[in-house]
Amino acid sequence: QSRGLGDVYKRQSGENATVSMTISHEHWAELLGGKMTLSKALAEGLIKTDDENRIIRYFACFDLATLNS
């Protein structure tokens with residue numbers, strides 16, 4: 001099952017989000033587990049978003065290497 005950022009972090013619908021993304025649970029676990037980078041997930045189309053640049057800037061706020069490469 002895929003979820004938007006609003007669903008994962010705040011358990012809200014995400015209707016008012018200014019940017020959103022959809023990723024499978026499996027691929028999200030790979031990102032957080034260090035097995036895949038954000039850039040690879042975006043390049044392979046594993047993350048669906050309407051604004052890749054904003055997603056990249058958002059995840060740059062976190063100290064996890066796979067979210068910043």
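**Group meeting: the core, Thr-66 and a salt bridge**

Let's start with Thr-66, which sits in the segment after H4. Keep in mind as we go that this is a predicted model.

So, is Thr-66 buried or exposed? Thr-66 counts as buried, because its relative accessibility is 9% and the cut-off for buried is under 20%.

Who are its neighbours? Leaving out residues up to four places away in sequence, Thr-66 touches Leu-31, Gly-34, Met-36, Thr-37 and Leu-38. There is a polar link here too: a polar atom of the Thr-66 side chain lies 2.5 Å from the backbone oxygen of Leu-31. And if you look at Leu-32, its C-alpha atom is 7.2 Å from that of Thr-66, although the two residues are 34 apart along the chain.

Now over to Leu-31. With the same sequence neighbours left out, its contacts include Ile-23, Ile-47, Leu-64 and Leu-67, as well as Thr-66 itself. Leu-31 is also one of the residues with the most contacts inside the largest nonpolar core, alongside Met-21, Leu-38, Ile-47 and Phe-59. That core has 13 residues. Strand E2 and helices H2, H3 and H4 each give two or more residues to this core, and H3 gives the most, with 3.

Last stop, the charged side chains. How many salt bridges does a search of the whole structure find? Just 1. Glu-44 pairs with Lys-40, and their closest N and O atoms are 3.9 Å apart. Both partners are partly exposed: Glu-44 at 48% relative accessibility, and Lys-40 with a relative accessible area of 41%.

Thanks, everyone, and happy to take questions!

Definitions and conventions:
Residues numbered from 1 in each chain as written. Predicted model: local features only at pLDDT ≥ 70, side-chain atom pairs only at ≥ 80, totals over all residues. Heavy atoms only, no water. Core = buried A, V, L, I, M, F, W, Y, C linked by side-chain atoms within 4.5 Å. Buried < 20%, exposed > 50% of the residue type's maximum accessible area, 1.4 Å probe, protein only. Helix = DSSP H or I, 4+ residues; strand = E, 2+ residues; numbered from the N terminus. Contact = heavy atoms within 4.5 Å. Polar contact = N/O pair within 3.5 Å; in protein donor to acceptor, adjacent residues only side chain to side chain. Salt bridge = Lys/Arg side-chain N within 4 Å of Asp/Glu carboxyl O.
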